[in-house]
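User: I would like to learn how to read a structure with several chains, taking one feature at a time. Could you walk me through it?

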Amino acid sequence: MDFEYTEEQKMVRRSVREFLDKEVEPAIKEGDKRAFTHDELVDWRKKLIPIGFGSQDFTSMAGHEDSDPITSAIIYEEVFGCWGGLAAAIYLAGAASLVAFGSDNLRARLGDHLRSGGLIGCGALTEPGAGSDNRAMTTKAVLNGDHYIINGTKTWVSNAPIADVVMLLCKDDNDQFTQILVDREESPFETSELHKLGWRACPIGEVYFDNCRVPKENNVFLMFSEMMASGQVEQELEKRGLPKDTLTRMGEMFARGPLGALSYARTTIGHFGVGISSRATDAAISYAKERVQFGQKDLSSRGGRRPTWRSQTPGDKRASLAWTN
Amino acid sequence: MDFEYTEEQKMVRRSVREFLDKEVEPAIKEGDKRAFTHDELVDWRKKLIPIGFGSQDFTSMAGHEDSDPITSAIIYEEVFGCWGGLAAAIYLAGAASLVAFGSDNLRARLGDHLRSGGLIGCGALTEPGAGSDNRAMTTKAVLNGDHYIINGTKTWVSNAPIADVVMLLCKDDNDQFTQILVDREESPFETSELHKLGWRACPIGEVYFDNCRVPKENNVFLMFSEMMASGQVEQELEKRGLPKDTLTRMGEMFARGPLGALSYARTTIGHFGVGISSRATDAAISYAKERVQFGQKDLSSRGGRRPTWRSQTPGDKRASLAWTN
Amino acid sequence: MDFEYTEEQKMVRRNVRAFLDKEVEPHIKEFDKQPFTHDQLVEWRRKLEPIGFGAMDFTAMAGQQGVDPITNAIVGEEVFGCWVGVAAAIGLAGAASMVAFGSDKMRARLGDRFKAGELIGCGGLTEPNAGSDNRAMTTRAVLNGDHYVINGTKTWVSNAQISDMVMLLCKDENDQLTQILIDKEESPYETGVLHKLGWRACPIGELYFDNCRVPKENNLMNIFSELMSSGNVEQDMVKRGLPPDTMTRMGHMFARGPLGLLAYARTGIGQAGVGISSRATEAAISYAKERVQFGRPIASRQLIQNMITEMVFITESCRLLVYRTVIALDKATPDFRMLSSLVKAYVAEATVNVTSMALQVHGANGLSEDLPLERYFRDARTFTIPDGTTEINKLVAGKELLGVSAYV
Amino acid sequence: MDFEYTEEQKMVRRNVRAFLDKEVEPHIKEFDKQPFTHDQLVEWRRKLEPIGFGAMDFTAMAGQQGVDPITNAIVGEEVFGCWVGVAAAIGLAGAASMVAFGSDKMRARLGDRFKAGELIGCGGLTEPNAGSDNRAMTTRAVLNGDHYVINGTKTWVSNAQISDMVMLLCKDENDQLTQILIDKEESPYETGVLHKLGWRACPIGELYFDNCRVPKENNLMNIFSELMSSGNVEQDMVKRGLPPDTMTRMGHMFARGPLGLLAYARTGIGQAGVGISSRATEAAISYAKERVQFGRPIASRQLIQNMITEMVFITESCRLLVYRTVIALDKATPDFRMLSSLVKAYVAEATVNVTSMALQVHGANGLSEDLPLERYFRDARTFTIPDGTTEINKLVAGKELLGVSAYV
């Protein structure tokens, strides 16, 4: 066992924190007042990709943007701790990365966007009557010739209002779970926005499928089984610009069925918690050291001086939990 | 960072647990009804030294019975989790190890006992009027020729009733803290036993010093400063059968003054907590899996059968937190 | 609404407290080491009768007759707060009062000892495999001629090993729950002793029925239905030396089946919890004011005030909810079942928390058997189990509140 | 002791609830986005007058005159439980009632608007560097001829930016705390707006006094001492349109110095907390019974019942302690200061806990602005700060309980 960060990990935290303090922090107060538009989110993502957050690699959903999971955890802690709304929106937009596994048609139309970081995805799971109980889902994709006809409503979908692509979990004709990629341009659907307590900058909303037609080849299960059955997995991956070990890594994520990826999302909430707690504790320590009540310091010398905690960025390094570890 | 036990650490836990289940567990129910006598505790210590707990090395107070601190932690978790009263008594008896630093006279009289594990020590800090506030101590050692005359009462001293040696923290003529080793045979003092909620097997009591005469050379501060000043530290240590790096390691423990050792004792309470929580959780999991209420299993088949949780040792491996880590 | 004690209630509390401080407190340390023997418990019961605790009235569990429920609650708080061991043993011995409903023969055999306060009763409910789930009981009484033949084991029975009689809950031939009175002399049974964390003075043990033969007429359910159908209940009550309105009062207690009595027992635990919390908080306040560290009483430290204000808040808010419950029970308002389980679950847990903080305020002295803090804590921790665990009581209250059961 | 509402109290609760459901509830979503303007608040105040909330009586904070304190508590629970934003803004605007004690000139200038309910008051206490520690205040009123010249900043003042007048607590030339009434028209001051987590409809802001000149006669402390020494207090009260016993009632409120009023405000927060907790718990119970997952209502799940029984326990035990405090305040019993701080500290925290659990029972819908759960939670979380943080109120209660201060 070993509880120390490597020098490199410490450096990553330092440089990520510095970047966030400079490039992100000043924008939060205004930016967190309403949900991002599509283009705003794309701009933010492009800004953060260089620090290792928000790459359009499908494995970003697994929080593995860096080969070392602790380094990934550090980056996630810092970005989520800095601005939850932004981090959640970018993280959940990563569903679009599945486009890389899509048909030639899909890749031709969306591939460039995906690679440039311009494609916003979302994952549609929850329904008004199906929360924890996903077996109660009623959204259905019925095969009709070479298209699915999809009907149903998904709710509490992050990025729904601005999404280009939906990774939809629904049922098929046989009441079995299936996963379908829906390209909004090709298969239009309506969305609406929900207003909520937190994550103000992250657009959350509902997705309405009303006889929405989606090419059969967009069935995610099919995509993968065909690729596996092709006998030419490596070539297929190369054609798509994906690393050779992609399916092995996918295997880990989906080893427990279509909801397997949730284990990653849930762990990401853990990073969020640690990141935001760390920032909040840093702030409390700074404030408590600065705030004078009932004497203890010479008050006369403080008249009119603006307390530092007002102007300081939350990431003030003088008292940082993260650094002391 | 790395959160895995090494194979060796896992093996240590397994073998310690097996030893405890076989040699210690069966004795607890009777043994925990009253406090150990001197000889009972010595016997137990000798029994546990082979598994790496209770050695008379002074560094046992630092929980460093093994060179790897995680291995030490494992052993401490297991022994404390098995029987808190026993573990506390042995652990705190380790104060006797300071005898190795004592005068020729002291070592001549107690050295053999110490090496054989037969010497029971105790650390006397708390006083009736001085708990958290150690500055309020009133026990005083006044130098009179080549002896200290000690007067005062210490309370909540673990092993007091059966101790051979006391490591006493008190004040000197100048109201400065000082530490003195008191050999009960040479410098007799009275003790009494306190009865309490837990740690039933660990004798706890009061120590009464009534003009107790202790040779000046038993002043622990003096012992060390003389050794340091002698210019022959290594020879001195060798003469006493102690490793060459002893003082360096001591330095770490006492780096923060005479109360520095408390950081070790406090961390040991952490091991205790983890060990006992782990055992308790294991028991709760076993019981919850076995106990049937409101049906769920065929009750008719259970009539008269003695539930396993009644006979099982708490360390039942079928559901052990420690193993799953 | 009115939150003041009457002058009389204040006087009762003062007198009871003074009595307990003088007559009981000095003996606790000696007697709380071992479970009472039969004769010790009889003696303690007699000792506490003057303050209105432990009267051999069957309604004792529902409070003394003719005394207002708040006054009863005050007495309960004080006695339990002083010494749970004696209060629990006496309270649960009250099962013996059922003898007054027994057959002429039973009353002839046991009536005098009962009236003299010498009869120790116990209630056999829990079984090794039937705790919260009483439908899983396997102890069975099978009618054979004019006797029941009883087989089975009851466990965690207060007073089991010193009992003269048992009020037994078991199943009959038809798998229906039934209640039977068992006179140990006439129908011998074996007992065993259990050792436990708290309630040290209160004997707790097991009852073993091995073809135990009990006269048919001791079936309590039959006794009551015969009484009700006799058409002259009030005269019958008087004949048995009971107040004429006894059955009406019983009606409240048993209104919800043979387990209806539990609402009283559960509320009683709420009273006990408040009593213990009060004592523990009082002790912590005194100690904090006296104990000086770093030159000032620890009462002047924020972390100590944090604990003590929380203890006062918990104790006083629980006290009021217990009183509301006591009155709801007395008036049999529709929410009495919900409230009594709510109080059992949450006040018992709150008491563990309060006694643990009180112990903590006392430092090492809190652990010492020379002070009562460690006893308060052990006794409080014990209360979260009997008469329905915290968990089952949450589910009883939850069912009342939500109209749907979550037991299974 | 008696824990039942009178028929009248039940009717008041029913009527108030019905009124709020019909007249207020449908508008909350629209109006809780932004702080009220002056005219909006005046309008809302008029709207709520029929149910006895927001009357421009100076004693409004201590409840309506002539109405029993429990009935007042019921109204407070209901209005705060419905919409904290409006309740807080109206309640705190009541500082304007101090105008009735003002000079002839002030009464002439403002009396009509006051009586028409158009005058919005605010209370300037907190400063950037003087929160719990009011001795650290630096806002100062220096007498210069027949005017005070005031300099300083007050912050976290409810209604600051829409106020017509201020009841200011500050220091005088001799560093003594004093209270001054400021008429904004006559003695202009600047204001700023603060944005915050909860109480969205209630304006909160800062007051900036930059050589603000206020007539000497507006010193409230002087006004009161003159009144008391005049020998004809009752006639004077009548002249001002106030009930003859006004000063006696004031006596209670101010019995412990200029901050005595805080005991009322703190108890009011207890009432608010119980009101919000009740609403949140009711919502959770309804939702749990309706929401079906895995084939059954979630009300049938143990983890849901665990939350809901805890919410009921907390709410009902807090409610009773708040009522006890309300009566203690009304009767000015010696423990009112302790109780009001105990209730402020612990009921406000309990309300955060209850509203958080109620939100959780609702799943994602609990986060939605379409349902009130997220508002209950934000508003509840806000309550642990004003009128003394949880921490300072623990220390106020602790000092009363232990006889020693742990402030410093």
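Analyst: Let us begin with a helix, keeping in mind that this is a predicted model. Helix α9 of chain C covers residues 262-290, and 24 of its 29 residues are buried, so α9(C) is largely enclosed by the rest of the structure.

User: What distance does helix α9 of chain C reach from its first C-alpha to its last?

Analyst: One way to read a helix is to set its span beside the expected one. Helix α9 of chain C reaches 42 Å from its first C-alpha to its last, close to the 42 Å expected at 1.5 Å a residue.

User: How many residues do chain D and chain C each bring to their contact?

Analyst: An interface can be read by counting the residues on each side, and here chain D and chain C each give 41 residues. On the side of chain D that touches chain C, α9 (262-290), α10 (302-331), α11 (336-361) and α14 (390-402) of chain D each supply at least two residues, and α10(D) gives the most, with 15 residues. Sorted by class, that side of chain D holds 25 nonpolar, 9 polar and 7 charged residues.

User: What rotation superposes chain D on chain C?

Analyst: Superposing one copy on another shows how the two are related. For chain D on chain C the rotation is 180°, with 0.0 Å of shift along its axis and an RMSD of 0.1 Å. The same surface serves both copies, since 100% of the contact residues of chain D recur in chain C.

User: How many residues of chain A are in contact with chain B, and how do they divide by class?

Analyst: The same way of reading applies to this pair. Here 6 residues of chain A are in contact with 6 residues of chain B, and the side of chain A that touches chain B consists of 4 nonpolar and 2 charged residues, with no polar ones. Chain A superposes on chain B through a rotation of 180° with 0.0 Å of shift along its axis, at an RMSD of 0.0 Å, which is the relation of a two-fold axis. Asp2(A) is the residue of chain A that comes closest to the rotation axis, with its C-alpha at 2.5 Å. Moreover, 100% of the interface residues of chain A are also interface residues in chain B, so the copies meet through the same surface.

User: Which helices and strands make up chain A, counted by kind, and what share of its residues is buried?

Analyst: A chain can be summarised by its elements and its burial. Chain A has 11 helices and 7 strands, and buried residues make up 38% of its 325 residues. Of the contacts in chain A with a separation of 6 or more, 73% join residues 24 or more positions apart.

User: At what angle do α11(D) and α14(D) pack?

Analyst: Helix packing is read from an angle and a distance between axes. α11(D) and α14(D) pack at about 145°, with their axes 8 Å apart, and the crossing is left-handed. Among the residues making the contact are Met338(D) and Leu342(D) of α11(D) and Val396(D) and Ala397(D) of α14(D). By class, the residues of this contact divide into 7 nonpolar, 3 polar and 5 charged.

User: Is Leu227(D) buried or partly exposed?

Analyst: For a single residue, one counts its neighbours. Leu227(D), which lies in helix α6 (residues 220-229) of chain D, has 18 C-beta neighbours inside 10 Å and therefore counts as partly exposed. Leaving aside its neighbours within four places in sequence, Leu227(D) is in contact with Val233(D), Asp236(D) and Met247(D).

Note on methods
Residues are numbered from 1 along each chain as its sequence is written. Chains are lettered from A and ligands numbered from 1 in the order in which they are written. This is a predicted model: local features need pLDDT of at least 70, side-chain atom pairs count only at pLDDT 80 or more; totals for chains, interfaces and linings use all residues. Two residues are in contact if their C-beta atoms, placed from the backbone, lie within 7 Å. Ala, Val, Leu, Ile, Met, Phe, Trp, Tyr, Cys and Pro count as nonpolar, Asp, Glu, Lys and Arg as charged, and the others, Gly among them, as polar. Helices (H or I, at least four residues) and strands (E, at least two) are DSSP runs, numbered from the N terminus. The expected span of a helix is 1.5 Å times one less than its number of residues. A residue is buried if 20 or more other C-beta atoms lie within 10 Å of its own, exposed if 12 or fewer, and partly exposed in between; C-beta atoms are placed from the backbone. Copies are superposed by least squares on the C-alpha atoms of residues with pLDDT of at least 70 in both. Axes are lines fitted to C-alpha atoms, for helices over the stretch in contact, and angles run from 0 to 180 degrees between N-to-C directions. A crossing is left-handed if the near helix is turned anticlockwise from the far one by less than a right angle, and right-handed if clockwise.
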